Amino acid sequence: MTASTDPAQRAAELREEIRSHNYGYYVLGEPSIPDADWDDLMRELKAIEAANPSLVTLDSPTQRVGAEVETTFAPVTHLQRMFSLDNVESEDELRAWESRLVRALGEPPSAYMCELKIDGLAISVTYENGVMVRGATRGDGITGEDVTANVRTIRSVPLRLRGEAPTVLEVRGEIYLPVAEFEALNRRQEELGLKPYVNPRNTAAGSVRQKDPTKTASRNLRVWFYQLGYVAGGPQFATHSDTMAWLVDLGFPINPENRIVATIDDVVAYVDNATQHRHDHEYETDGIVIKVDDLAMQDKAGFTAKSPRWATAYKLPPEEKSTVLKAIEINVGRTGAVTPYAVLEPVFVGGVTVEHATLHNEGEVHRKDVRPGDTVIVRRAGDVIPEVVGPILARRPADLPQWNMPDRCPFCNNPIVLTDGQAKARCTGGFACPSRIREYLFHFASRGAMDIEGLGFKTVDTLLNKGIIKDPSDIFVLDRDRLLELDGWGEISVDNLLTAIERAKDAGVGRLLTGLGVPLIGGTVARTLAREFRSLPKLMAATEEELGAIDGVGPEIVASWIGWASDPDNIHLVERLAAAGVRLVDPDPVPPTSDHLTGKVFVITGTLDGLTRPEAKAAIESRGGKVTGSVSGRTDYLVAGAAAGSKLAKAEQLGVRVLDEAAFSTLLAGE
């Protein structure tokens, strides 16, 4: 076919040709032209677009790396929750999972889909009318981080879908760094005299969270897509394998090692083969995902609070190495629990250099009979958490003494006690123990709790050592001038931290509960309690009967909360938090007032004088509107308060209507 001489038509031809070649390379695994020819096509397209800027489209292959660099990753609510998977670690556990599944279904599944579990970073990518509009990390499964600019740089992620695309499509995948790319990256690091990266998985995750998308682009990341998340305006499917075939047709790369099998015996055979060949791929794997293929059966099996019952992950056996156990030391955690850990001669195992490993508790140390001076076997349990398996007794020096838990805490010199009926020893120093308060404050400020950006472990340590903070309430009354006196702290870093702290005052009861670190009350239970009571004072006054009546709140959780809420120190802490301006009561759900904002998409940024963000969000939703975390082409309104920042600039660039607080109030009133 003769190439067109019209710039617009030629640009369209080049885009389509490049997309076709990308589909062959990334999806079908069949390169259709040499790399040099592909480069020539890209150069020609770039030249046309440079000479004719009006011809540049959002989905053009030249637009993978944008000019704008975001300084923060905005929260994104997934269109459908991204559940985690329960794990099995043996054939017996796998067959036990199937037995539970058969009981739930009333019959064996008609087929299973077996997929390699890629060791990378889970990602959700959203398309509207066939064009990629958003990429988000998994986060807590409900809310992730907007990493759109970085995901766009990954060449195996289609920017425009092939064929007839649905109105809205959210698809899940795993971003990974090929082993060869990881090794090449480390060779470059060593040539520059820089520290090498530890493993492909962490490097991939860090690459996706780069502030500069050009750095992400330089890492040559890849992706395999494994699940249809949400679809509007698309076809109906009977099986998971049907959805995967459809995604391939749309242009998504699906792992060619996926297999449909008929029985659990076939699943076991797939697992055995994958275990034997785990190092034969260009990517690292850490397990096999087994899914019921029939979608109606998936619906019937349903979900637990965290995981689908119709799927599980078979964890591959971890790699093991031997090294010397130099010492056993202890750490005091945020609840006062004392945990021994091993100090090891550094050993490379499971893709990382391990110097420390957990030993869980004193009973576990004695059960394994590991002693300082032993040569021990170390593995990365699940290829993630370093663990001491046990000693090599044949190499034990003579008269090596047994290790016992110290009587007193090395951090605060208070007694260490073993509570009746519990395996965990505890420091009795309370928050006077510097180790416990450090861990507690770090947890309180963490992303899963109050999400105070800039208040990481190093900063917490500095503020504690200087005597500036002693408990969570002190965080919210930090003095700007005092912070500026600290070495290495400038006005920008101090103001950024204080802004994050001010924002955290309005984080809500669920996050505050999570941050308070009550034993047995993690994020899921905290959100449940917050929805039920909407008020921390009311929750603290709740009776055992009121708490026990809540679905998902068992007797142990009730006892833990009653004990925590009746402790005078905790009561005073809550009072101090309130005095520091932390909101202890969530706004009541706003009853529907009208539907005149139905179908309208809003983004809220900056500080509003008359409303908190949760109140503004509730007001929009009560009128039929929807609130998202990032500005895109489908955003109808940006509500901009004081210090609106980069979202305002992006809205103006995209032509999104911007409302100040007065205009927002008028819109809410339907005027």
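## The largest nonpolar core

In this predicted model, the largest nonpolar core (a set of buried Ala, Val, Leu, Ile, Met, Phe, Trp, Tyr and Cys residues joined through side-chain atoms within 4.5 Å) has 53 residues, of which Ile452, Phe476, Leu512, Leu516, Leu529, Leu536 and Trp561 touch the most other members. Several helices (DSSP runs of H or I, at least four residues, numbered from the N terminus) each supply at least two residues of this core, including helix H12 (434-445), helix H17 (509-516) and helix H21 (555-565).

Leaving aside neighbours within four places in sequence, Leu536 is in contact (heavy atoms within 4.5 Å) with Val509, Leu512, Leu513, Leu516, Trp561, Val574 and Leu584. Apart from this core lies another, of 31 residues, among them Tyr127, Leu161, Leu177 and Met244.

## The four-stranded sheet

Strands (DSSP runs of E, at least two residues) that pair (at least two bridges found by DSSP) form an open antiparallel sheet of four, in the order S5-S4-S7-S8. Its edge strands, S5 (131-137) and S8 (222-232), each pair on one side only. Eight bridges join S4 (residues 121-128) to S7 (residues 168-176), and Val125 has Val171 in S7 as its bridge partner.

## A buried threonine

Thr635, in the loop between strand S20 (626-628) and strand S21 (637-640), is buried (under 20% relative accessible area, with a 1.4 Å probe and protein chains only), because its relative accessible area is 7%.

## Basis of the values

Residues are numbered from 1 along each chain as its sequence is written, and side-chain values use heavy atoms, with hydrogens and water left out. Local features need pLDDT of at least 70 and side-chain atom pairs count only at pLDDT 80 or more, whereas totals for chains, interfaces and linings use all residues.

Methods:
Buried < 20%, exposed > 50% of the residue type's maximum accessible area, 1.4 Å probe, protein only.
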